[in-house]
Amino acid sequence: MSKIKLKNILNTIINDDSIKIMNEMEEKSVDVIFADPPYNMQLGDALHRPDNSTVDGVFEEWDSFESLQAYDEYTVKWLTAARRVLKDDGSLWVIGSYHNIFRVGTILQDLGFWILNDIIWNKSNPMPNFKGTRFTNAHETLIWAIKNPKSKYTFNYEAMKALNEDVQMRSTWEIPICTGKERLKDKDGHKLHPTQKPEALLYRVIMASTKIGDVILDPFFGTGTTGAVAKKLGRSFIGIEKDPVYVEGAQKRIDEIEEGKVSDLEYTVKKKQPRVPFGSVVEQGFLKPGTVLYDSSRKHQVVIRADGTVKSSDAEGSIHQLGAAAQNASACNGWTYWYYEDEKKNLVSIDEIREKIRQDMEMV
């Protein structure tokens, strides 16, 4: 029986081991998980810049594993626990670098997750490769996955398109690394966390895959970027973090954020329109069999038949098929391609008839 009730830990940071806490949480209780696990990227020797200053690496104990096998065993444990608390229609995000992401991806699939996308976070201001011995590591990879191929996960496609100036968003994201005032510092002015993620990255993740009021779990909370963005966007969060110093910094950060008002957080959602077959236009008497349809330039024409198909001088089929044939194209939306003549011989789009039928359907 679960020891931890979801309502008791919403919008809180739990200073404990993530595997332990996830195994004590209610099963299938969270909508989305964003995980930024240890990368297992021990550098060994210190790395220096040309001016001999030391480059911040990840030397913390939490990123140290005895072997790749030990890292894999740890990954299996936390992903198994994460799968347990994720709703059947929820989704999981994992971010990593070349040090670990391929191993994580394999284990994800072995555990039954279905990968939707791998997202490339292309850093517009990456740290250079000072030794000049390899390419500059200018990206990290995010894996977006669901529990099984039939999961009815959330994807706010229209909102992502709107964020991208009305162009379909691709799987490569150009976002700078965390710098300036956003970067949390300790009392001595040093970075509080070596791999703090930028809020812009989490903004996109949360906007893409959650709804207002959803619960987002971050089992490697760090300095709280997930919680900070969730609070701004009207989502609930649960953070789990072992390091008390990170917990203190994350809590202070989140406490200073004003929670987003639901009225300000609306986003574009494409309304699913009822399907209207062209035959309905004939059945309901909007256009009669024998009516001629034209393209916008009157270069092509077809005649409506009694069953809702159309016929040209050398072909017959649907309004879509003959629209495509007229343009020598692989596909066509016949509703927007064909027009009929009104009483004044003006061309009127047949799509206006479809909209009228849809309005009548919604009024029923």
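**Group meeting: the chain, its cores and one enclosed helix**

I will start with helix H6, where the cover over the buried residues includes E2, helix H5 (199-209), E7, E8 and helix H7 (244-255). Bear in mind throughout that this is a predicted model.

How many of the residues of H6 are buried? The helix runs over residues 225-232, and 7 of its 8 residues are buried, so H6 is largely enclosed by the rest of the structure. By name, the buried ones are Thr225, Thr226, Gly227, Ala228, Val229, Ala230 and Lys231. Note that a lysine, Lys231, is on that list. After H6 comes glycine 234, with a positive phi near 75°.

Now the chain as a whole. The protein chain has 11 helices and 14 strands. Its radius of gyration is 27 Å, whereas a compact globule of 364 residues would be near 21 Å. Along the principal axes, the C-alpha atoms fill a box of roughly 80 × 55 × 40 Å. Of the 364 residues, 44% are buried. If you take the contacts between residues at least 6 apart in sequence, 66% of them join residues at least 24 apart.

On the surface, the chain exposes about 20,300 Å², and carbon and sulfur atoms supply 49% of that. For charges, there are 48 positive and 53 negative, and their mean positions are 3 Å apart.

Next, the nonpolar cores. The largest has 32 residues, and those with the most contacts inside it are Met22, Met25, Val30, Ile33, Trp78 and Ile238. Elements giving two or more residues to this core include helix H1 (18-24), strand E2 (30-35), helix H2 (68-85) and strand E3 (86-96). Which element gives the most to this core? That is H2, with 6 residues. Apart from this core lies another one, of 31 residues, and among them are Trp93, Ala208, Phe221 and Ala230. Ala230 is also one of the buried residues of H6.

Take isoleucine 33 as an example from the largest core. Beyond its neighbours within four places in sequence, isoleucine 33 is in contact with Ala82, Val85, Leu86, Ser91, Leu92, Trp93, Leu217 and Pro219.

Strand E3 also holds glycine 90. Is glycine 90 buried or exposed? Its relative accessible area is 3%, and the cut-off for buried is under 20%, so glycine 90 counts as buried. Leaving out residues up to four places away in sequence, glycine 90 touches Asp31, Ile146 and Tyr153. Tyrosine 153 is 63 residues away along the chain, yet the two C-alpha atoms are separated by 5.5 Å.

Last, two backbone angles. Most residues other than glycine have a negative phi. Lysine 28 has a positive one, near 50°. Lysine 28 sits in the loop between H1 and E2, and is partly exposed at 41% relative accessible area. The other case is aspartate 166, where phi is near 65°. Where is aspartate 166 found? It is in the loop between helix H4 (157-163) and strand E6 (172-175). Aspartate 166 counts as exposed because its relative accessibility is 55%, and the cut-off for exposed is over 50%.

To go back to the opening: H6 is largely enclosed, while lysine 28 and aspartate 166 lie in loops. That is what I have.

Definitions and conventions. Residues numbered from 1 in each chain as written. Predicted model: local features only at pLDDT ≥ 70, side-chain atom pairs only at ≥ 80, totals over all residues. Heavy atoms only, no water. Helix = DSSP H or I, 4+ residues; strand = E, 2+ residues; numbered from the N terminus. Rg over C-alpha atoms; globule rule 2.2 N^0.38 Å. Buried < 20%, exposed > 50% of the residue type's maximum accessible area, 1.4 Å probe, protein only. Contact = heavy atoms within 4.5 Å. Areas by Shrake-Rupley, 256 points an atom, 1.4 Å probe, with all protein chains shown as cover. Lys, Arg positive; Asp, Glu negative; His and termini not counted. Charge placed at Lys NZ, Arg CZ, Asp CG, Glu CD. Core = buried A, V, L, I, M, F, W, Y, C linked by side-chain atoms within 4.5 Å.
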